[in-house]
Amino acid sequence: MEVIDVLVESKARGDWIVVTVKGEVDVYTAPKLKDELLGLIEEGKNQIVVDLEGVEFMDSSGLGVLVGALRRLKEREGTLALVCTKGPVLRILSITGLNKVFPVYQSVDEAASS
Amino acid sequence: MSRDAKEALDRRELFLDLPPDPAHLATARIFAASVARHWGVDEDSVEDLKLAVSEACAGAISVRHSANSDRPYRITGRNEGGRLAFRVEDGGTGMAAAFPTDRSVLEPPTEEITRILGLSLMQSLFPDAEISDNPGGGLDISFSLPIAIPA
């Protein structure tokens, strides 16, 4: 049996909180990302960058979590940026047009210095 | 690969029954990708297929949960000669409720966003994607993609 999981870690980087996600994000694993992002927002963090470079697969459940978090942050005049340069995740962002909704950066360094 | 497995892959149609548990979604993706690669589908299309299958199976699981049912759903890959057709069969209460198409809601909850996106994604990736009546009851999701090795 294939075991799927997602690793979600957060750390401060200047004014930003960097959330690093690795693995596969689907209906089964998306709640882990959702809990992390909502937890940070409830703590008052309002500048979050989600590093998706280590994500091998993401479906609409993952996008729903990101869009939901973005909406909550915008209500607080905050920002949710993404780091994504390649692969299936960049493709799904492009297909849905969400690459125009989220600020998408080439690296965490680029996002943190924006 | 064992002889039995090779013989199974030489058939024109392969299917997998899965319990309506999101923990098995990765298995559905691996199954679909393996079937597609066997019949010569290119890697970019395999990635698209994994996404569409994940969306369709998540819909089937959602329906099963709504009906409080643990009956398996079925994913089938069929070589139709030049095209590889995939189908996810709910076989029960139907999947329409899992994919609402009403885009007029301005502030849908996250779950609603996900479902609308799921259907849109399938249709963007595979223009022939459709949700249709199943003669055996319930609804099916089906779509197809070109393959390199004709039947």
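1. A search of the whole structure, which is a predicted model, turns up one cavity of 30 Å³ or more. Its volume is about 70 Å³. Here a cavity is a set of points on a 1 Å grid over the protein atoms alone where a 1.4 Å probe fits but cannot get out, and the volume is the space filled by probe spheres set on the points.

2. Who lines this cavity? Phe57(A), Met58(A), Pro88(A), Arg91(A), Ile92(A) and Ile95(A) do so from chain A, and Glu47(B), Asp48(B) and Leu51(B) from chain B (lining residues have an atom within 4 Å of a point). Helix 3 of chain A gives the largest share, four residues. By class, the lining has six nonpolar, no polar and three charged residues.

3. Now to the contact between the chains (heavy atoms within 4.5 Å): 27 residues of chain B meet 25 residues of chain A. Together they bury about 2,000 Å², 64% of it on carbon and sulfur atoms; this is accessible area (1.4 Å probe) lost on being put together, summed over both parts.

4. You will find three salt bridges between chain B and chain A, with a side-chain nitrogen of Lys or Arg within 4 Å of a carboxyl oxygen of Asp or Glu. Arg29(B) pairs in this way with Asp26(A), their closest N and O atoms lying 2.9 Å apart.

5. On numbering and scope, residues count from 1 along each chain as its sequence is written, and chains are lettered from A in the order in which they are written. Local features need pLDDT of at least 70, side-chain atom pairs need 80 or more, and totals for chains, interfaces and linings use all residues, while side-chain values use heavy atoms, leaving out hydrogens and water.

How values were computed
Buried area = accessible area lost by both parts, 1.4 Å probe. 1 Å grid on protein atoms, 1.4 Å probe; cavity = no way out; pocket = protein on both sides within 12 Å on 5 of 7 lines; lining within 4 Å. Helix = DSSP H or I, 4+ residues; strand = E, 2+ residues; numbered from the N terminus. Nonpolar A, V, L, I, M, F, W, Y, C, P; charged D, E, K, R; others polar.
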